[in-house]
Amino acid sequence: MNITNNNKFIIFQVKEDEMIEVWNVESKVLAYKIPAPVERIAVITSPDSRFLFYTSELNEISQMDIEKHKVVARYKGSHTSSINAISVSPDGKRMVTAGETGQFCFYLIPEIKVIDDKQKP
């Protein structure tokens, strides 16, 4: 389970239906679900509360914009087994993952620019 630093969302995995649930703290309403068809999954939010990082069955990490519910990046390390843990540095620029075999992978997180999704008239 994880709560964003701005206390706006709570994120946790529900193993019964293989989903990650993102709940709005203020309204106490389920905001959305993300498929998570793996037995073990690691989730964490960025220090600025903009992004959710979560693992997949492909031993990769997805970076999702929490507000827009959109995957903005994927990271693939050299893990040969399940990823059990994720940590993001306080400045949000680095990430480390730990695998089932004790292997660690380090990543640089590129700056994700906010792009207006609206079409021009």
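At 1% relative accessibility, T97 counts as buried, since the cut-off for that class is under 20% relative accessible area. The model described here is a predicted one. T97 has its place in strand β10, which covers residues 94-99. Two polar contacts involve the side chain of T97: one of 2.6 Å with the side chain of H79, and one of 3.4 Å with the side chain of Y107. Leaving aside residues up to four places away in sequence, T97 touches I61, H79, I83, A85, I86, Q103, F104, C105 and Y107.

The strand that holds T97 belongs to a sheet. This open sheet is made of three strands in the order β9-β10-β11, and its pairing is antiparallel. Strands β9 (83-88) and β11 are at the edges with a single partner strand each, so each has one side without a neighbour in the sheet. From one strand to the next, the twist averages 20°. Five bridges connect β9 with β10 in the antiparallel sense. In this pairing, I83 stands opposite G99 of β10. I83 is also among the residues that T97 touches.

Y107, one of the polar partners of T97, leads on to the aromatic residues. A search of the whole structure finds one aromatic pair. It is formed by Y75 and Y107 in an edge-to-face arrangement, with 6.0 Å from centre to centre and 70° between the planes. Y75 lies in strand β8 and Y107 in strand β11 (residues 104-108), so the pair ties together parts that are 32 residues apart in sequence. Both rings belong to buried residues: Y75 has a relative accessible area of 8%, and Y107 has a relative accessibility of 10%.

Y75 brings us to the sheet that contains β8. Here four strands form an open sheet in the order β5-β6-β7-β8, again with antiparallel pairing. The edges are taken by β5 (43-45) and β8, each with a single partner strand, so one side of each has no neighbour in the sheet. Neighbouring strands of this sheet are turned against each other by 20° on average, direction ignored.

At one edge of the four-stranded sheet, β5 pairs with strand β6 (residues 51-55) through three bridges, in the antiparallel sense. There V43 stands opposite Y54 in β6. At the other edge, strand β7 (residues 60-65) and strand β8 (residues 70-76) run antiparallel and are joined by six bridges. Within that pairing, S62 has R74 of β8 as its bridge partner. The hairpin of β7 and β8 has four residues between the strands, and H69 takes a positive phi near 55°. A contact to β10 also starts from this part of the chain, as I61 is among the residues touched by T97.

A second hairpin is built from β3 and β4. Six bridges pair β3 with strand β4 (residues 29-35) in the antiparallel sense. I20 has I34 in β4 as its bridge partner. Four residues lie between the two strands, and K28 in the turn has a positive phi of about 60°.

E18 lies in the loop between β2 and β3 (19-24). What is the separation between the C-alpha atoms of E18 and K33? The two atoms are separated by 9.7 Å, while the residues are 15 residues apart along the chain. E18 is partly exposed, its relative accessible area being 41%.

The last stop is T4, in the loop between β1 (2-3) and β2 (9-14). Is T4 buried or exposed? With a relative accessible area of 1%, T4 is buried. The side chains of T4 and N6 are joined by a polar contact of 2.6 Å. When residues up to four places away in sequence are not counted, T4 touches F9, I11, T45, S49 and I66. One of these residues, T45, belongs to β5, an edge strand of the four-stranded sheet.

Methods: Residues are numbered from 1 along each chain as its sequence is written. This is a predicted model: local features need pLDDT of at least 70, side-chain atom pairs count only at pLDDT 80 or more; totals for chains, interfaces and linings use all residues. Side-chain values use heavy atoms; hydrogens and water are left out. Buried means under 20% relative accessible area, exposed over 50%, partly exposed in between (1.4 Å probe, protein chains only). A polar contact is a pair of N or O atoms within 3.5 Å; within protein, one must be able to donate a hydrogen and the other to accept it, and residues adjacent in sequence count only if both atoms are side-chain atoms. Contact means heavy atoms within 4.5 Å. Two strands pair if DSSP finds at least two bridges between them. Rings of Phe, Tyr and Trp (its six-membered ring) pair if their centres lie within 6.5 Å; planes under 30 degrees apart count as stacked, over 60 as edge-to-face and the rest as tilted. Axes are lines fitted to C-alpha atoms, for helices over the stretch in contact, and angles run from 0 to 180 degrees between N-to-C directions.
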